[in-house]
Structure formats: C-alpha cells, structure tokens
Amino acid sequence: MSSINEVLYGDTNYLNTLKDKVNKVVNKNLKQISKEKDGDYMFTSTKLVEAPMPPVKAYIGCSWFSDKQTEHMKAGIEAIKANPSVSWEYSHYPLAHQYKGMDVNNNPEIMLDKEWQMATVSADIEGIKGCELGIMLYVPSEPDDGQAWEMGNLYGHGKQCVVVIPDDEVHEPLNLMVACGTTRIIKLSELATFDFRHVVADVYDGEVY
C-alpha cells in the first residue's frame, strides 16, 4: 500500500519536493515585487536587504538665558537642520512647542504662571519619552540646571544623549555627571555631519569637577 506521502507528492522525498515548489513560487513573486523605498525594506531579486535607516527623532535641549547660550543655540539649530541623520520635522525642540503658543522669550513674565510651568514640564517629559535620543546644546562655562535635569531624564528612560559644546570651550571643565553620565561629547563644528543614526559611546577625556 502506498504511503500518504507517496499519494500526495508522488515520491518519498516529499519534503524536498514541497520545498522546491515553495521556493519557485517565492522567487517568482519576489522578482515581481522588486522595488526600492527609503526607510523601508526592499526586495532585490530573491534576497531581502535592509534599506538605509531613516533620520532619527531627537529631543533637542538648549539654553537661552545669556548671549553666549543663545548664540550656541542658534548655531546648533542650524547645524541640526543641515544634518541628514536628524529629522527636524519630527524632533522635539521645546521652544517650538510652547504652551498655548506663548513665547517665553518675548513674554518672560509667563515663567511665573503655574499653569504654564506645569504644562511646559509635561510637554518636555513627553518629548523625551517620544524621542529616540537627545541632542543637548550645552555651554560648559554657563551650566544650566534644566538641561542637566533633561540629560538625567533621558538616561532614566534609556535614551542616548549627545552633548554638543562650543569649539572654544573644549578645555572648559564639565560637571562629572554631565561628562560621564551622557553617551558622548562632541564639538559644535562636528554637529552638522555627525551620524546620529549610530551613536557609539565614548569616554570624555577633558577636565571634570
């Protein structure tokens, strides 16, 4: 009596026969749907390959309480916008998402408003939760407690954090927790070309306090 395998597949090597049939169908379909699409997977002939990674969604922290901080912030924002590895459109830049559209720079008195305070902190926390990593435009000679808190929050959420300092402050001492509690310290001149899609941790070799 013939086995069920022989009845179904015509020989005893039914698994190999079935595999060959499946491969023929798959290969034919893969060739038909061969295409390329940025930020997605694409089929090339019969081989599945990974497309280039899309730009990252970052949390962009900065300070603007002095002329030097503001200058560093503006230069940093321009460099980020020029960096193809960062999505400016989908990144969270706190000054671009102020509560009820109230600009703290033009209306500093709103800093005293309790509702504005809580809404601002909440928005920044959600921005940190939703980002892939943090980019902090930081001035070592004029440390900002708020930025230090944001760095710690990023760390607490398991997010990488790249601190960007002015080129003329590379020898300025950094707080130990900022220097060693973040993923990497880079110079402003490196920002526009730094690949944020693959951030490798580095040891800070500058002076700390």
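Start by selecting Lys-114 and Met-118: on one side of helix 4, these two are exposed (over 50% relative accessible area; buried means under 20%, partly exposed lies in between, with a 1.4 Å probe and protein chains only). Helices here are DSSP runs of H or I with at least four residues, strands are runs of E with at least two, and both are numbered from the N terminus.

A quick note before going on: this is a predicted model, in which local features need pLDDT of at least 70 and side-chain atom pairs count only at pLDDT 80 or more, while totals for chains, interfaces and linings use all residues. Residues are numbered from 1 along each chain as its sequence is written, and side-chain values use heavy atoms, leaving out hydrogens and water.

Now turn helix 4 around and pick Trp-116, Asp-124, Gly-127 and Ile-128, which are buried. They sit on the same side of helix 4 because they cover an arc of only 105 degrees around the axis (taken from the directions from the helix axis to the C-beta atoms). What do the buried residues of helix 4 pack against? Show strand 3 (58–61) and helix 5 (145–156), and you have the partners.

Next, go to the start of helix 4. Here a side-chain oxygen of Asp-113 comes to within 3.2 Å of the backbone nitrogen of Glu-115.

Jump to Ser-63, in the loop between strand 3 and helix 3 (67–82). Is Ser-63 buried or exposed? Ser-63 is buried, with a relative accessible area of 3%. Turn on side chains: Ser-63 has a polar contact of 2.7 Å with the side chain of Asp-144, and another of 2.7 Å with that of Gln-147. (A polar contact is a pair of N or O atoms within 3.5 Å; within protein, one must be able to donate a hydrogen and the other to accept it, and residues adjacent in sequence count only if both atoms are side-chain atoms.)

Last stop: the largest nonpolar core, with 24 residues (buried Ala, Val, Leu, Ile, Met, Phe, Trp, Tyr and Cys joined through side-chain atoms within 4.5 Å). Select Ile-135, Leu-137, Leu-191 and Phe-196, which touch the most other members. Strand 3, helix 3, strand 4 (133–137) and strand 5 (160–165) each give two or more residues to this core, and helix 3 gives the most, with four.

Zoom in on Phe-196. Beyond its neighbours within four places in sequence, its contacts (heavy atoms within 4.5 Å) include Val-56, Leu-133 and Ile-186.
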